[in-house]
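User: I'm new to reading protein models. Can we go through this one together, label by label?

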Amino acid sequence: MGFIEQIFAAAARAGLLKTAVWQPADGSAPQTQAVGFSAPDTTLLDGLALGTDLEMSFPASAFVGIAVRDGVVIDGIAFQVRDLRVVGDGSERRARLSRL
């Protein structure tokens, strides 16, 4: 188990993560992973509106093969992946999500 996996495991034991289920597009078995989930308020239109940018973070060793437009369910709520990126040294990934 790598360092980032250890951090995610510790955060999961502390109750800081959410449960995410990803159904791979190739029809293989669904995968479950504890993920970081955030929906921070962001300012739009020079402060005239607030928006949320839904995002999940997870170890790169989890959800191998996840792609843009794939579906993921976090705590019973369905989302669609709209953007994926690698964080830092590549051991962590972040996905921006749209609620379905």
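User: Why does F79 count as buried, partly exposed or exposed, whichever it is?

Analyst: F79 has 4% relative accessibility, so F79 counts as buried. Buried means under 20% relative accessible area, exposed means over 50%, and partly exposed is in between (1.4 Å probe, protein chains only). By the way, this is a predicted model: local features need pLDDT of at least 70, side-chain atom pairs count only at pLDDT 80 or more, and totals for chains, interfaces and linings use all residues. Residues are numbered from 1 along each chain as its sequence is written, and side-chain values use heavy atoms, with hydrogens and water left out.

User: And what makes F37 count as it does?

Analyst: F37 comes out at 29% relative accessibility, so the label is partly exposed.

User: How do you know which kind of ring pair W22 and F63 form?

Analyst: Rings of Phe, Tyr and Trp (its six-membered ring) pair if their centres lie within 6.5 Å; planes under 30 degrees apart count as stacked, over 60 as edge-to-face and the rest as tilted. A search of the whole structure turns up three aromatic pairs. For W22 and F63, the centres are 5.8 Å apart and the planes sit at 70°, so this pair is edge-to-face. W22 is in strand β1 and F63 in the loop between β5 and β6, so the pair ties together parts 41 residues apart in sequence. Both W22 and F63 are buried.

User: What is the pair of F37 and F79 called, and why?

Analyst: Their ring centres are 5.5 Å apart with planes at 55°, so that pair is tilted. F37 belongs to strand β2 and F79 to strand β7, 42 residues apart.

User: What makes β7 and β8 a pair of strands?

Analyst: Strands are DSSP runs (E, at least two residues), numbered from the N terminus, and two of them pair if DSSP finds at least two bridges between them. Strand β7 (residues 77-87) and strand β8 (residues 92-99) are joined by eight bridges and run antiparallel. One of the bridge partners is S98 in β8, matched with Q80.

User: How many bridges join β6 to β7?

Analyst: Four, and β6 and β7 run antiparallel. Their hairpin has two residues between the strands, and D75 there takes a positive phi near 50°.

User: Which strands make up the barrel?

Analyst: The closed barrel has six strands, in the order β1-β2-β5-β8-β7-β6, with antiparallel pairing.
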